[in-house]
Amino acid sequence: MESSFWHERWEKNEIGFHQSRFHPFLPKYWPSLDIKQGSRVFVPLCGKSRDLLWLRDQDLDVIGVELSKLAVEDFFKENQLTAIITQHGELTLYECSGIRIFCGDFFKLTAADLAGVAGVFDRASLVALPPAMRRDYARHMQKILPSGTQTLLVCFAYPQEQMDGPPFSVEEAEVHALFGTASEVTFLAEADVLDNEPRFKQRGLTRLHEKAFRLRYPS
Ligand SMILES: C[S@@+](CC[C@H](N)C(=O)[O-])C[C@H]1O[C@@H](n2cnc3c(N)ncnc32)[C@H](O)[C@@H]1O
């Protein structure tokens, strides 16, 4: 996906992926990651997700990355948070107590930016990317995450021929192909969510499942 695609989505407020509630898998399955209080966690392609707040409220130090300046500024405004803004190479860093968001391209993040990260929450991030970019994403993640990091990964799975992405369908076999050589992949749960997503039903989907996986990179 070109970055212009996402900038346009935000400019036109076509952000059906944004949820006003916390993702239900987060309170249910985050504890299975065994991330200690006070740890640093990373939320890639974070949009203006309220999940950042949920993680901060678990006494975690949250780092996000998001391409759209509109999304980042909305996040702080809508949650009555005041950000300190600094330039960080090609990325702009928005920072308040417990939450830092790098505004810019995920692929520009370095291992130094994610130093100390112990956990990752990926919801609607991997599935936002077309197949070749997903392979680059998995490789870059592996390059920049500290060893021992654990990830809660949430994917959509549906008959790809029924609808064009994003979101793209990412089946379990692909999760293993993308992450299985570098990390231990464990399937955690699955939910039928078609009735929660009328916009996808309208686009022709007859099956939509959301699946959660845990990825454990070796220490
Ligand atoms: C489907 S949305 C999901 C947002 C968020 N994870 C959520 O659950 O609401 C994907 C987000 O990724 C952002 N994005 C796409 N490509 C990106 C990139 N290369 N670097 C950083 N953010 C990116 C888009 O602007 C968009 O906000």
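**Notes on the ligand shell and the core**

1. By class, the ligand's shell breaks down into 11 nonpolar, five polar and three charged residues (Ala, Val, Leu, Ile, Met, Phe, Trp, Tyr, Cys and Pro count as nonpolar, Asp, Glu, Lys and Arg as charged, the others, Gly among them, as polar). That makes 19 residues around the ligand, with Trp6, Leu45, Gly47, Leu67 and Phe106 the closest; being near here takes a C-beta atom, placed from the backbone, within 6 Å.

2. Bear in mind that this is a predicted model: local features need pLDDT of at least 70, side-chain atom pairs count only at pLDDT 80 or more, and totals for chains, interfaces and linings use all residues. Numbering runs from 1 along each chain as its sequence is written.

3. UniProt's unreviewed entry lists Trp10, Leu45, Glu66 and Arg123 under "binding site"; positions follow the numbering used here, feature names are shortened, and annotations may be inferred rather than shown by experiment.

4. Leu45 sits in the loop between strand S1 (40-43) and helix H3 (51-57) (DSSP runs numbered from the N terminus: helices are H or I, at least four residues; strands are E, at least two). Leu45 is buried because 21 other C-beta atoms lie within 10 Å (buried is 20 or more, exposed 12 or fewer, partly exposed in between, with C-beta atoms placed from the backbone).

5. Arg123, in strand S6 (residues 117-123), also counts as buried, with 25 C-beta neighbours inside 10 Å. Beyond four places in sequence, Arg123 touches His23, Asp51 and Val154 (contact means C-beta atoms, placed from the backbone, within 7 Å).

Note on methods:
Two residues are in contact if their C-beta atoms, placed from the backbone, lie within 7 Å.
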